[in-house]
Amino acid sequence: MNLLRVKTENEFNKVFKLSRANNEFVYFLFVSPWDKKSDLIRQELATLDSDATIYEVDYFNLPHTYCAFKAYTPSLVKIKGPRTKVLSNLISIRFELGLDTLLAPRNS
């Protein structure tokens with residue numbers, strides 16, 4: 001799993017506009033440096049074997065992007081072309097990313 005950190009709003013806007021123009025899936029994971037759930041998701045994504053790229057956005061450093069989607073932490077924003085889906089429920093985030101949940105364990 002490629003977890004890339006977005007450091008500036010300019011970088012965020014470039015990725016966002018490029019995904020809209022190319023009609024490609026892009027995931028933004030909004031996290032907090034003080035949220036244990038965010039830490040757990042990041043650790044599990046590091047061990048996940050996948051070619052997908054997820055852009056990590058720290059809501060404390062980039063508040064404008066955080067407010068644009070009316071997201072909570074942790075939240076997963078899924079963008080494909082003009083469609084945007086915000087997942088702020090932990091089980092929904094884990095299911096979308098292919099992580100274990102009580103509803104859908106990976107090893108079964």
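## Reading a sheet and its helices

Mentor: Welcome! Let's start in the middle of things: strand S4 is mostly covered, with 5 of its 6 residues buried. Keep in mind that what we are looking at is a predicted model.

Trainee: Thanks! Before I go further into S4, how many helices and strands does the protein have?

Mentor: There are 4 helices and 5 strands. Read from the N terminus on, the elements run β-α-β-α-β-α-β-β-α.

Trainee: And how do I judge the overall build? What radius of gyration would a compact globule with 108 residues have?

Mentor: The value would be near 13 Å, and the protein has 13 Å, so the two agree. Along its principal axes, the C-alpha trace spans about 40 × 30 × 20 Å. Buried residues account for 40% of the 108 residues. You can also look at who touches whom: of the contacts between residues at least 6 apart in sequence, 66% join residues at least 24 apart.

Trainee: Now the sheet. In what order do the strands stand?

Mentor: The order is S1-S3-S2-S4-S5, in an open sheet of 5 strands with mixed pairing. Strand S1 (2–6) and strand S5 (83–87) each have a single partner strand, so they stand at the edges and one side of each is left without a neighbour in the sheet. From one strand to the next, the twist averages 25 degrees.

Trainee: You said mixed pairing. Which strands pair in the parallel sense?

Mentor: S1 and S3 do, over 5 bridges. In that pair, Arg5 stands opposite Glu56 in S3. S2 and S3 are also parallel, again over 5 bridges, and Phe28 has Tyr55 in S3 as its bridge partner. As for how covered S3 is, 5 of its 6 residues are buried.

Trainee: Then where does the antiparallel pairing come in?

Mentor: Look at S4. Strand S2 (25–31) is joined to strand S4 (residues 75–80) by 6 bridges, and these two run antiparallel. Here Leu29 stands opposite Leu76 in S4. S4 and S5 are antiparallel as well, over 5 bridges, with Ile79 bridged to Thr84 in S5.

Trainee: How many residues lie between S4 and S5 in their hairpin?

Mentor: There are 2 residues between them, and Gly81 in the turn has a positive phi of about 60 degrees.

Trainee: Could we zoom in on one residue of S4? Is Lys78 buried or exposed?

Mentor: The cut-off for buried is under 20% relative accessible area. Lys78 has 18%, so this residue counts as buried. Lys78 lies in strand S4 and, not counting residues up to four places away in sequence, touches Phe25, Val26, Tyr27, Arg83, Thr84, Lys85 and Glu96. Along the chain, Lys78 and Leu29 are 49 residues apart, yet 8.8 Å separates their C-alpha atoms.

Trainee: Let me try the reasoning on Ser32. What is its relative accessibility, and where is it found?

Mentor: Ser32 is at 6% relative accessibility, and therefore counts as buried. Its place is the loop between strand S2 (25–31) and helix H2 (36–47). Leaving aside neighbours within four places in sequence, Ser32 is in contact with Ser38, Arg42, Tyr59 and Thr73.

Trainee: That brings us to the helices. What describes two packed helices?

Mentor: Two packed helices are described by the angle between their axes and the distance between the axes. In this structure, the axes of H2 and helix H4 (residues 90–97) come within 12 Å and cross at roughly 10 degrees. That makes H2 roughly parallel to H4.

Trainee: Which residues meet there?

Mentor: From H2, Lys37, Leu40, Ile41, Glu44 and Leu45 meet Leu90, Ile93, Arg94 and Leu97 of H4. By class, this contact has 6 nonpolar, no polar and 3 charged residues.

Trainee: Last one: which strands do H2 and H4 lie across?

Mentor: H2 lies across S1, S2 and strand S3 (53–58), at about 140 degrees to S2. H4 lies across S2, S3, S4 and S5, at about 50 degrees to S4. Follow those helices in the 3D view and you can trace them over the sheet.

Conventions:
Residues numbered from 1 in each chain as written. Predicted model: local features only at pLDDT ≥ 70, side-chain atom pairs only at ≥ 80, totals over all residues. Heavy atoms only, no water. Buried < 20%, exposed > 50% of the residue type's maximum accessible area, 1.4 Å probe, protein only. Contact = heavy atoms within 4.5 Å. Axes fitted to C-alpha atoms, helices over the stretch in contact; angles between N-to-C directions. Parallel < 35°, antiparallel > 145°, perpendicular 65-115°, else oblique. Nonpolar A, V, L, I, M, F, W, Y, C, P; charged D, E, K, R; others polar. Pairing = 2+ DSSP bridges. Rg over C-alpha atoms; globule rule 2.2 N^0.38 Å.
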